[in-house]
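Q: Got a minute to go through this one with me? I'd like to start with the charged pairs, then move on to the rest.

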Amino acid sequence: QVQLVESGGGLVQAGGSLRLSCAASGSIFSMNAMGWYRQAPGKQRELVAAVTSDSSTNYVDSVKGRFTISRDNAKNTVHLQMNSLKPEDTAVYYCNAARTSRGVQYIYWGQGTQVTVSS
């Protein structure tokens with residue numbers, strides 16, 4: 001069982017930066033993919049960024065060029081560097097990890113960290 005703990009959220013003015021971190025209690029080496037999701041009030045949870053085991057990344061269009069996801073297998077951590085933040089980035093951000101073993105997919109979630117961007 002892997003537990004994920006996010007940190008780094010907070011209040012920032014538009015144009016500012018934050019760096020989110022996700023620390024895993026176990027090894028993330030076996031995780032096929034790790035990502036960051038966010039959920040704003042009244043909206044569905046959406047994938048923001050993901051990184052696979054071979055370090056391929058993908059981003060939702062609205063954050064391309066502003067956010068960077070990185071993965072450190074040695075430290076069992078995943079980071080999301082968020083630059084040029086906008087009020088519409090305000091949401092609870094969740095760390096996610098997924099792996100597939102013997103045809104069964106296992107998905108893990110963190111508890112979330114609040115990001116608030118003021119205009």
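Q: Before we start, what counts as a salt bridge here?
A: A side-chain nitrogen of Lys or Arg within 4 Å of a carboxyl oxygen of Asp or Glu. Keep in mind that this is a predicted model.

Q: Fine. How many salt bridges does that rule give?
A: The count comes to four. One of them is between the side chains of R38 and E46, with N to O at 2.7 Å.

Q: Are R38 and E46 buried or exposed?
A: R38 is buried, at 6% relative accessibility. E46 is partly exposed, at 30%.

Q: Which other salt bridge does R38 make?
A: R38 also meets D89, side chain to side chain, with N to O at 3.0 Å. R38 sits in strand β4 (residues 33–39) and D89 in the loop between β8 (77–82) and β9, so this pair ties together parts that are 51 residues apart in sequence. Both R38 and D89 are buried.

Q: And what else does D89 pair with?
A: The side chain of D89 also forms a salt bridge with R66, at 2.8 Å from N to O. R66 is in the loop between β6 (57–59) and β7, while D89 is in the loop between β8 and β9, so here the linked parts are 23 residues apart in sequence. D89 has a relative accessible area of 1%, so it counts as buried. R66 is buried too, at 10%.

Q: Which residues end up in one network, then?
A: R38, E46, R66 and D89, joined by salt bridges that share partners.

Q: Stay on R66 for a sec. What does its side chain reach on S84?
A: The backbone oxygen of S84, at 2.9 Å.

Q: Which residues does R66 touch, leaving out those up to four places away in sequence?
A: Q81, M82, N83, S84, L85, K86 and D89.

Q: OK, new topic: cysteines. How many disulfides turn up in the whole structure?
A: One. The disulfide joins C22 to C95, with S to S at 2.1 Å. C22 lies in strand β3 and C95 in strand β9 (residues 91–101), so the bond ties together parts that are 73 residues apart in sequence.

Q: Left-handed or right-handed?
A: Left-handed, because the torsion about the S-S bond of C22 and C95 is about -80°.

Q: And are those two cysteines buried or exposed?
A: C22 is buried, with a relative accessible area of 1%. C95 is buried as well, at 0%.

Q: Since C22 brought up β3, what sheet is β3 in?
A: An open sheet of four strands in the order β1-β3-β8-β7, with antiparallel pairing.

Q: Which strands stand at the edges of that sheet?
A: β1 (4–7) and β7 (67–72). Each has a single partner strand, so one side of each is left without a neighbour in the sheet.

Q: How much are neighbouring strands turned against each other?
A: By 15° on average in this sheet, direction ignored.

Q: Last one: how many bridges hold β1 and β3 together, and what is V5's partner?
A: β1 and β3 (residues 18–24) pair in the antiparallel sense over four bridges. The bridge partner of V5 is A23, in β3.

Technical notes:
Residues are numbered from 1 along each chain as its sequence is written. This is a predicted model: local features need pLDDT of at least 70, side-chain atom pairs count only at pLDDT 80 or more; totals for chains, interfaces and linings use all residues. Side-chain values use heavy atoms; hydrogens and water are left out. Two strands pair if DSSP finds at least two bridges between them. Helices (H or I, at least four residues) and strands (E, at least two) are DSSP runs, numbered from the N terminus. Axes are lines fitted to C-alpha atoms, for helices over the stretch in contact, and angles run from 0 to 180 degrees between N-to-C directions. A disulfide is a pair of cysteine sulfur atoms within 2.5 Å. Buried means under 20% relative accessible area, exposed over 50%, partly exposed in between (1.4 Å probe, protein chains only). A polar contact is a pair of N or O atoms within 3.5 Å; within protein, one must be able to donate a hydrogen and the other to accept it, and residues adjacent in sequence count only if both atoms are side-chain atoms. Contact means heavy atoms within 4.5 Å.
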